[in-house]
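Visitor: I should like to learn how to read the features of a protein model one at a time. Could we begin with the interior and proceed outward from there?

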Amino acid sequence: VKCDGLPAGHEFATILEGLIPLARGVSPLSLETGKKLKRLTASVHIQVFVTPICGYCPRVGRLAHAMAMENPKITAEVVEAQEFPDLARLYQVMAVPKTVINGTVQFTGAVPERTLLKRVLEAIGEELKGEDEDEEPGATSTL
């Protein structure tokens, strides 16, 4: 569980809620997601840009941390966008949560687990089978 910047506001709960499953050794993810993540052989770096007042950010931060618990090849960090303005500018963070995977796949919004899994697989050139439904954009907060 990694957090870059002061875990204040809603993000303090994200850190705590990320530590609890780690301490228990129990994944909060679905079995399907866990199985797919365990099979990954490519490295994945998930960055979730947040702000302390965003009520939507913790969900994505928790999902990213949970995915990192499934496979040592996955790293996840929650980045407080206002404390790291150069990094936020690099990825053009205009609203949060903004997720960047391997520096290439980027999207904004609080997305469900299956969507984050799909984007992780996309970042390493794989595809999630059986994903036919359209995705709705996730909720965001502006900076």
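Visitor: Which residues of the largest nonpolar core touch the most other members?

Guide: The general idea comes first. In soluble globular proteins, nonpolar side chains tend to be buried together. In this structure, which is a predicted model, the largest nonpolar core has 37 residues, and L37, L40, V44, I46, M67, I101 and V120 touch the most other members. The elements that contribute two or more residues to this core are β2, α3, β3 (74–80), β5 (98–101), β6 (105–108) and α5 (113–123). The largest share, 6 residues, is supplied by α3.

Visitor: What does I101 touch, not counting residues up to four places away in sequence?

Guide: With those residues set aside, I101 touches V44, H45, I46, F107, L116, R119, V120 and A123. V44 and I46 were named above, together with I101, among the core residues that touch the most other members.

Visitor: How should the overall fold be summarised, and how many helices and strands are there?

Guide: The secondary structure comprises 5 helices and 7 strands. Along the sequence, the pattern reads β-α-α-β-α-β-α-β-β-β-α-β. A further descriptor is the sequence separation of contacts: among those between residues at least 6 apart in sequence, 71% join residues at least 24 apart.

Visitor: What share of the residues is buried, and what does the accessible surface come to?

Guide: Of the 143 residues in the protein, 45% are buried. The accessible surface comes to about 7500 Å², and 54% of that area belongs to carbon and sulfur atoms.

Visitor: Let us turn to a single helix. How does the span of α3 stand against the expected value?

Guide: One sets the distance between the terminal C-alpha atoms against the span expected at 1.5 Å a residue. Helix α3, residues 57–70, has 14 residues and reaches 21 Å from its first C-alpha to its last, close to the expected 20 Å.

Visitor: Why is α3 described as largely enclosed by the rest of the structure?

Guide: The description rests on burial: 10 of its 14 residues are buried, so α3 is largely enclosed by the rest of the structure. The buried residues are C57, P58, V60, G61, L63, A64, H65, A66, M67 and E70.

Visitor: Where does V60 lie, and what is it in contact with beyond its neighbours within four places in sequence?

Guide: V60 lies in helix α3 and is buried, with a relative accessible area of 0%. Leaving those neighbours aside, V60 is in contact with V48, P97, T99, G109, A110 and V111. In the case of V111, the two residues are 51 apart along the chain, while their C-alpha atoms are separated by 6.8 Å.

Visitor: How many disulfides does the structure hold?

Guide: A disulfide is a covalent bond between the sulfur atoms of two cysteines. The structure holds 0 disulfides. Two of its cysteines may still be described by burial: C54 is buried at a relative accessible area of 0%, and C57 is buried at 0%.

Visitor: How many aromatic pairs are there, and which residues form a pair?

Guide: The structure holds 1 aromatic pair. It is formed by F49 and Y91, whose ring centres are 5.9 Å apart and whose planes are at 55°, a tilted arrangement. F49 lies in strand β2 (residues 44–50) and Y91 in the loop between α4 (85–90) and β4 (95–96), so the pair ties together parts that are 42 residues apart in sequence. Both partners are buried: F49 has a relative accessible area of 0%, and Y91 has one of 14%.

Visitor: To conclude with the backbone, which residues does a cis peptide bond join?

Guide: One reads omega, which is about 0° for the cis peptide bond joining V96 and P97. P97 is placed in the loop between β4 and β5.

Visitor: What is the phi of Q92, and what is that of N102?

Guide: Q92 is not a glycine, yet its phi is positive, at about 50°. Q92 is found in the loop between α4 and β4 and is exposed, with a relative accessible area of 58%. N102, likewise a residue other than glycine, has a positive phi near 55°. N102 is located in the loop between β5 and β6 and counts as partly exposed at 27% relative accessibility.

Key:
Residues numbered from 1 in each chain as written. Predicted model: local features only at pLDDT ≥ 70, side-chain atom pairs only at ≥ 80, totals over all residues. Heavy atoms only, no water. Expected span 1.5 Å × (residues − 1). Buried < 20%, exposed > 50% of the residue type's maximum accessible area, 1.4 Å probe, protein only. Phe/Tyr/Trp six-rings, centres within 6.5 Å; stacked < 30°, edge-to-face > 60°. Disulfide = S-S within 2.5 Å. Contact = heavy atoms within 4.5 Å. Areas by Shrake-Rupley, 256 points an atom, 1.4 Å probe, with all protein chains shown as cover. Core = buried A, V, L, I, M, F, W, Y, C linked by side-chain atoms within 4.5 Å.
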